[in-house]
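Biologist: I have just opened my first protein model and would love some help reading it. Could we go through it together?

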Amino acid sequence: MASLQEPWLLETGNLKGCSKEIRHGRTAHNMSSSSLRKKSDLTLVSKVRFVLLRQFLTNLQEVILGTKLSVLFPAIPLAIVAECYGFGRPWIFALSLLGLTPLAERVSFLTEQIAYYTGPTVGGLLNATCGNATELIIAIFALSQHKIDVVKYSLLGSVLSNLLLVLGTSLFCGGIANLRREQKYDRRQADVNSLLLLLALLCHSLPLLFRMSGASAALTADPTLQLSRASSIVMLIAYISYLVFQLFTHRQLFEAQEQSEDDEGISEEEPVIGFWSGFIWLVGMTAVISLLSEYVVETIEDASDSWGISVSFISIILLPIVGNAAEHAGAVIFAFKNKLDISLGVALGSATQIAMFVVPLCIVVAWIMGIKMDLNFNLLETGSLALSIIAVAFTLQDGTSHYLKGLVLLLLYIVIGACFFVSKTPLSNGIDTVVGA
Amino acid sequence: MESAGEYSRMENGGDSKKSATGKESWNNGIRTAQNMSTSLLRKKSDPLLVSKVRFQMLRQLLANLQEVILGTKLAVLFPAIPLAIAADFYEFGRHWIFALSLLGLMPLAERVSFLTEQIAYYTGPTVGGLLNATCGNATELIIALFALYQSKIHVLKYSLLGSILSNLLLVLGSSLLCGGLANLKKEQRYDRKQADVNSLLLLLGLLCHMLPLMFRYAATPGVLVAESTLQLSRASSLVMLVAYIGYIIFQLKTHRQIFDAQEDEGEEEEKAVMGFWSGFSWLVGMTLVIALLSEYVVGTIEAASESWGISISFISIILIPIVGNAAEHAGAIIFAFKNKLDISLGVALGSATQISMFAVPLCVVVGWIMSVQMDLDFNLLETACLALTILVVAFTLQDGTSHYMKGIVLCLCYAAIAACFFVHKIPAPLEQINLNVRLKPSFESSV
């Protein structure tokens with residue numbers, strides 16, 4: 001490996017990533033998805049004669065084949081083929097979904113590689129912004145096609161999936177695997193995240209109750225929109241201060257645990273690709289994600305019609321499971337190893353990011369585009385969100401864990417899934433469904 | 001300063017023998033969180049000017065006057081009071097009367113707190129604590145009673161709710177924020193038992209508010225529930241008053257040690273600066289002026305709302321409580337800077353509990369006596385704001401430590417609620433329509 005590093009180091013100039021900083025850049029997000037990586041076997045490539053070709057092939061192998069999820073990569077060209085040759089639209093939907101799964105993981109990997117070069121703070125910021133790139137891109141495409149309900153449902157589903165499904169399975173598997181040991185985690189991180197989620201809940205509830213207590217739909221539509229926009233700015237301010245809190249003033253609460261002595265294989269890691277190649281790969285992958293997301297958003301109604309499942313179920317349950325698959329697996333693996341802080345960091349961090357950054361960002365983008373998107377996610381969805389946040393805040397407030405906590409959170413998710421399975425709300429394009437008088 | 005104290009002791013006669021011996025215990029008992037917070041806005045009077053006046057009685061009177069009128073940094077706002085009265089007589093714009101009365105109320109609220117503390121030096125710790133508990137939020141109570149008297153029930157409900165929200169979110173949030181920023185390197189701890197007791201009482205208050213509200217929604221349509229809701233509210237008010245009395249006994253008699261303000265090493269033994277009867281007459285006088293200004297405020301609120309273009313709910317929920325609470329607010333922030341979070345929490349939570357468990361049920365009972373239809377149903381949006389606020393605050397304070405992020409979240413919650421009521425332009429008569437609103441499940445309401 002060492003000989004191959006040199007050309008990259010020469011290409012990128014000064015390598016800022018000395019060992020201490022690399023350790024500090026390893027946030028929970030990074031560490032969780034790193035468990036899905038596999039070390040590339042470079043013996044095949046080293047037989048190629050030309051140096052440049054060898055470099056290129058190494059790069060390719062590292063990026064494309066560097067994960068166990070790469071078996072799903074063929075779905076991407078298949079989806080494009082299906083679109084071009086006019087196969088059944090549900091097929092395009094399914095293949096795009098499958099293709100998104102490894103792409104999301106690779107984006108996380110590339111972000112981590114770039115973070116080696118930019119230092120811990122910018123790396124943390126990059127992670128905070130790109131960590132949920134898939135959800136953000138899907139949401140913006142749905143917004144541009146005026147499918148506001150899909151936006152709301154998919155973002156809500158991401159929050160619910162992170163809070164209940166990822167967290168529940170992690171706590172459950174971790175509890176079963178560590179039945180004899182005591183499982184503790186630092187509750188201060190969980191407290192800060194729960195507090196931000198409660199603020200998000202308040203900002204979601206106010207427009208909903210405003211509509212419900214108002215005189216008529218026509219009279220309250222405009223004030224609700226203004227209120228939602230003001231609340232979005234409030235939430236973005238809270239998110240920025242959370243970043244300052246997490247990356248500058250109170251780092252010690254959030255740092256991933258140091259890998260201890262008895263660890264199997266994760267030694268001091270160095271970046272495996274150069275800065276510019278990582279950047280180019282990132283841009284390329286984001287473009288492919290955009291393409292697949294566009295397919296997903298366009299074909300969602302057809303898939304719903306032909307499979308007989310409601311659009312709300314697909315948006316709230318199916319899409320987030322796919323988008324989150326890599327982080328989900330990583331969180332479960334770390335819970336098995338009794339490193340609950342990392343699992344919690346992944347699950348809660350993602351939920352906070354989506355609730356306090358992606359959702360208000362979509363509203364601001366809609367504001368700029370002149371689309372009337374507000375924070376009123378309707379009664380059933382907001383009620384599910386409220387109960388989930390309260391349940392999770394209560395679960396995590398004592399700093400210990402056992403498998404029953406995970407089981408309860410999982411069952412909560414199943415109940416909410418069942419609820420949306422049977423609720424067949426038709427999509428309305430841009431007009432909010434009126435609740436109450 | 002000594003001479004003024006001496007004269008007042010001679011004036012009071014029999015109190016002098018108590019004054020020397022029991023002073024340490026009085027100071028321990030009387031310096032509750034609220035006293036200590038507003039004491040920061042005092043300034044020591046400079047007696048040199050007064051001592052040049054020749055006649056003794058005149059000198060006493062002037063010393064007294066200086067102590068009371070000029071003894072606070074908020075005294076710059078005192079000229080607003082005669083201006084407000086002049087505006088009322090000479091028929092200036094009604095919104096001017098409103099603004100000037102609001103400005104005049106700020107120093108008055110602080111002076112009443114000062115006078116209560118002075119009187120408490122003479123009456124002993126228990127009665128002093130009771131006086132503080134009752135008069136601590138005198139301004140809000142008087143505004144509420146005037147609104148009740150003028151049958152402006154929605155102004156009454158909104159202003160009391162706004163006081164609770166302001167104490168729980170704005171005062172507490174800004175204290176935690178400033179304290180966190182000023183003490184970034186230190187660990188900030190506080191005794192969570194006090195916060196727990198207050199959170200529990202606030203949850204009881206929340207239940208008593210939600211039952212009449214849900215009662216109205218749960219009744220079959222067509223059945224008039226106003227009468228039952230009123231009876232339920234009155235019964236709940238009695239329950240809340242019983243809880244408040246239990247809280248007073250808990251705070252002043254059996255579990256004092258949880259609530260005692262921390263001793264400050266640098267401050268000397270403070271003595272009363274005026275006599276009992278002079279303090280009492282000043283208190284009565286100031287209460288009368290507060291009553292007058294409150295009458296102006298309640299009378300001109302609609303005119304101010306129209307001419308400024310802001311809804312009545314925003315003025316009642318946000319503006320009036322900020323004004324009424326200004327002195328305590330400043331004090332709580334200053335104590336948080338010094339990392340004395342117990343005092344800041346005592347001020348904020350204590351005021352919120354007082355209003356929720358004492359002022360609100362008292363208004364319902366007074367309304368009962370006056371045969372005004374005041375109930376505990378504060379409407380869906382307001383009750384939901386209260387519920388979420390209490391939930392967020394209870395969760396924030398339950399671990400006993402603090403950092404600036406908690407303060408930021410609480411302040412932003414307040415900003416969101418303020419934005420909500422800023423756009424909430426429901427004129428008063430439309431409230432009656434809420435009786436017919438039913439909650440429909442969302443999947444039935446397809447377009």
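Here are a few questions and answers about this predicted model.

Biologist: Which residues of chain B at its start have pLDDT under 50?

Modeller: Let's begin with confidence. Chain B has a mean pLDDT of 79, and 80% of its residues reach 70 or more. Where pLDDT is low, the predicted coordinates should not be read in detail. The stretch to treat that way at the start of chain B, where pLDDT stays under 50, is residues 1-30.

Biologist: How many residues apart in sequence are the parts tied together by B:Phe98 and B:Trp308?

Modeller: These two rings form an edge-to-face pair, with 5.8 Å centre to centre and 70° between the planes. B:Phe98 lies in helix α7 of chain B and B:Trp308 in helix α14 of chain B, so the pair joins parts whose separation in sequence is 210 residues.

Biologist: Is B:Phe358 buried or exposed?

Modeller: B:Phe358 stacks with B:Tyr244, at 5.1 Å centre to centre and 25° between the planes. Buried means under 20% relative accessible area. B:Phe358 has 16% relative accessibility, so this residue counts as buried.

Biologist: Which helix of chain A gives the most residues to the largest nonpolar core?

Modeller: That core has 246 residues, and A:Leu163 and A:Leu206 touch the most other members. The top contribution is 16 residues, and it comes from helix α10.

Biologist: Where is the kink in helix α13 of chain A centred?

Modeller: Helix α13 covers residues 275-307, and just after this helix A:Gly308 takes a positive phi of about 75°. The kink is about 50°, and its centre is A:Thr299.

Notes:
Residues numbered from 1 in each chain as written. Chains lettered and ligands numbered in written order. Predicted model: local features only at pLDDT ≥ 70, side-chain atom pairs only at ≥ 80, totals over all residues. Heavy atoms only, no water. Bend = angle between axes of the 7 residues up to and from the residue. Helix = DSSP H or I, 4+ residues; strand = E, 2+ residues; numbered from the N terminus. pLDDT = per-residue confidence, 0-100. Contact = heavy atoms within 4.5 Å. Core = buried A, V, L, I, M, F, W, Y, C linked by side-chain atoms within 4.5 Å. Buried < 20%, exposed > 50% of the residue type's maximum accessible area, 1.4 Å probe, protein only. Phe/Tyr/Trp six-rings, centres within 6.5 Å; stacked < 30°, edge-to-face > 60°.
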